[in-house]
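Welcome! Let's take a friendly first look at this structure and see how some of its parts fit together.

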Amino acid sequence: VTNYQHSIDTNQDTNQDTCLDSRVLDLRTPENQAIFRFEAGICRPFRDTLTEKGFTEIHTPKIISAASEGGANVFTVTCFKDSAYLAQSPQLYKEMAIAADFDKVFTVGAVFRAEDSNTHRHLIEFVGLDLGMAFKYHYHEVLHTIGDTFTAMFKGLRDLYALEIEAVRQQFNVEPFKFLEPSLVLKFSDGVAMLREAGIETGD
């Protein structure tokens, strides 16, 4: 175990098949354990921030009778004697909750996309953090809610997971993550002006 862990810690080019074949040992490394702690560190402030803002957490179905979102392929599964599908998104259920006067909802859960994108970064199964809300006066209500939530997530990782960040940095040599507080709200006209200043000609 010690020799295996040392080889993983000191060799960034370790064969992925070797890691997966010995996954229990592979998970002993500080950087791999950090990834799992990061997941918790992202979900916790996401939940806490939205709950403080009056959101209700909902748990949406993952086995559904029809595709719930256009533009994404589905996994078909057998459900007793009928066909069913793994949910591509909680979008329909969020919208139903908003229409039912929940006003503000969020969900954390598995999402499935049957998409062969031919890239190693595309995930066919991942954990989605979704929110839905009605706004009463201006869409900036949504904008500020999203900005506040991301800022809380970034601060939570920075303040509570310094050891995990350092473990990952030792393995992958990543730059320190930077973010603005409060989040930047860039007006469209300002964005166009910035493009022009950078030498990119674009219409209004």
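The report below looks at nonpolar cores, a helix pair and one residue between them.

## The main core

Keep in mind that this is a predicted model. Its largest nonpolar core is built from 9 residues: Cys43, Phe46, Leu50, Phe55, Phe106, Val108, Leu131, Met133 and Met153. At least two residues of this core come from each of helix H4 (30-52), strand E5 (104-112) and strand E6 (125-133). H4 is the biggest contributor, giving 3 residues.

In soluble globular proteins, nonpolar side chains tend to be buried together. Setting aside neighbours within four places in sequence, Cys43 is in contact with Val108 and Leu129. Another core lies apart from the largest one; it has 5 residues, including Ala34, Leu157, Tyr161 and Val168.

## Two helices that cross

How do H4 and H6 pack? Their axes are 8 Å apart and make an angle of about 140 degrees, with H6 covering residues 140-160. The two helices are therefore oblique to each other, and H4 passes H6 in a right-handed crossing.

Where they meet, H4 brings residues including Phe38, Ile42, Phe46 and Leu50, while H6 brings, among them, Thr145, Met153 and Leu157.

## A closer look at Thr49

Is Thr49, a residue of helix H4, buried or exposed? Thr49 counts as buried because its relative accessibility is 13%, below the 20% cut-off.

A polar atom of the Thr49 side chain lies 2.7 Å from the backbone oxygen of Pro45. Leaving out neighbours within four places in sequence, Thr49 is in contact with Asp148, Thr149 and Ala152. Those three residues are also among the H6 residues that meet H4.

Note on methods: Residues numbered from 1 in each chain as written. Predicted model: local features only at pLDDT ≥ 70, side-chain atom pairs only at ≥ 80, totals over all residues. Heavy atoms only, no water. Core = buried A, V, L, I, M, F, W, Y, C linked by side-chain atoms within 4.5 Å. Buried < 20%, exposed > 50% of the residue type's maximum accessible area, 1.4 Å probe, protein only. Helix = DSSP H or I, 4+ residues; strand = E, 2+ residues; numbered from the N terminus. Contact = heavy atoms within 4.5 Å. Polar contact = N/O pair within 3.5 Å; in protein donor to acceptor, adjacent residues only side chain to side chain. Axes fitted to C-alpha atoms, helices over the stretch in contact; angles between N-to-C directions. Parallel < 35°, antiparallel > 145°, perpendicular 65-115°, else oblique. Left-handed = near helix turned anticlockwise from the far one by under 90°.
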